[in-house]
Amino acid sequence: MQEKTIGEIREEWKAADETKLPSFIEEYGSDTRSGVVKLVEQARKKIKTLEAERARIDRLREYERMYADCGLICGIDEVGRGPLAGPVVAGAVILPKDCEILYINDSKKLSAKKREELYAVIMEQAVAVGLGMVSPKRIDEINILQATYEAMREAISKLAVKPDILLNDAVTIPEVAIRQIPIIGGDAKSISIGAASIVAKVTRDRLMVEYDKTMPEYGFASNKGYGSTEHIAALKKYGPSPIHRGSFIKNFIVT
């Protein structure tokens, strides 16, 4: 049989998923061609990387294991407390027990591409997802903290099934009868809260991109409403848009 070319083996490596990597290593581990040696080493590194990620995800399920006997666990998180424009958005996510979706983390630690990829997986695999959104006008009326609580309550109310316990990122939500566990830095410590942060972040970012189409002068697609230098300059030049938070921009312009 004619020996496979390095190019052919490289294509096999590209196509090999995690389950096929060990057999790839076994088949080509004795090949002494430098190109193949490199591909085998990359396969070994990929396996080690995946093993390390699985171990990280297992640690991220610590709170879910701790409260497993309580029933359905829901992670709660929000995005958009700090921007000058746009809503505050909360996510509520109930993941399957022993969920093993890799790469879930605090949404701020992930690239936009990875967040989008994980959003699709979370929406597909989650037992239930709820989203809550509070407008800039409402934020100005009741302040950002109360608006955050309101968004979280709305997210919980939109879940298809009622959770038995809530794992929250740092806060205790008023007017919620369900047992709550506030966890400081929870979006990087709980897989459920991390998933909620991703869902909320992607939802809000997509909305800000849509706003950019009708109000391009503020650069919402890139700054997502946060107070970048360019955003503040545009705010001073054009004045506030309908989605700016009056209580947040008073230091920059007279409203």
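This note sets out points on a predicted model, beginning with one helix and the core around it and ending with the N-terminal region.

1. Helix 7 covers residues 144–157, which makes 14 residues. From its first C-alpha to its last, helix 7 reaches 20 Å, close to the 20 Å expected at 1.5 Å a residue. At the N-terminal end, N143 acts as the cap of helix 7, with a side-chain oxygen placed 3.1 Å from the backbone nitrogen of L145.

2. The buried residues of helix 7 are I144, A147, T148, Y149, A151, M152, R153, A155 and I156. These buried residues pack against strand 1 (73–79), strand 2 (88–94), strand 3 (128–134) and strand 4 (165–169). They also pack against two helices, helix 6 (136–142) and helix 11 (246–249).

3. The largest nonpolar core contains 22 residues. Within this core, the residues with the most contacts are C74, I76, V88, I156, L166 and I173. At least two residues of the core come from each of strand 1, strand 2, strand 3 and helix 7. Helix 7 gives the most, supplying seven residues. Another core, of 20 residues, lies apart from this one; C99, L102, I122 and V199 are among its members.

4. I76 deserves a separate look, being among the residues with the most contacts inside the largest nonpolar core. With neighbours within four places in sequence left aside, I76 is in contact with M152 and I156, both of which are buried residues of helix 7. The other contacts of I76, on that basis, are G91, A92, L166, L167, N168, D169, I173, I193 and A196.

5. D31 is found in the loop between helix 2 (21–28) and helix 3 (34–60). Is D31 buried or exposed? D31 is buried, because its relative accessible area of 15% falls under the 20% limit. The side chains of D31 and R33 are joined by a polar contact of 2.8 Å. Beyond neighbours within four places in sequence, D31 is in contact with E3, I9, V36 and V37.

6. I6 belongs to helix 1 (residues 6–15). I6 counts as partly exposed because its relative accessibility is 27%, a value between the 20% and 50% limits. Leaving aside neighbours within four places in sequence, the contacts of I6 are R33, G35, V36 and L39. R33 is thus a contact of I6 and also the partner of D31 in the polar contact, while V36 is in contact with I6 and with D31.

7. I6 and F252 stand 246 residues apart in sequence. In space, their C-alpha atoms are 61 Å apart.

Conventions:
Residues are numbered from 1 along each chain as its sequence is written. This is a predicted model: local features need pLDDT of at least 70, side-chain atom pairs count only at pLDDT 80 or more; totals for chains, interfaces and linings use all residues. Side-chain values use heavy atoms; hydrogens and water are left out. Helices (H or I, at least four residues) and strands (E, at least two) are DSSP runs, numbered from the N terminus. The expected span of a helix is 1.5 Å times one less than its number of residues. Buried means under 20% relative accessible area, exposed over 50%, partly exposed in between (1.4 Å probe, protein chains only). Contact means heavy atoms within 4.5 Å. A polar contact is a pair of N or O atoms within 3.5 Å; within protein, one must be able to donate a hydrogen and the other to accept it, and residues adjacent in sequence count only if both atoms are side-chain atoms. A nonpolar core is a set of buried Ala, Val, Leu, Ile, Met, Phe, Trp, Tyr and Cys residues joined through side-chain atoms within 4.5 Å.
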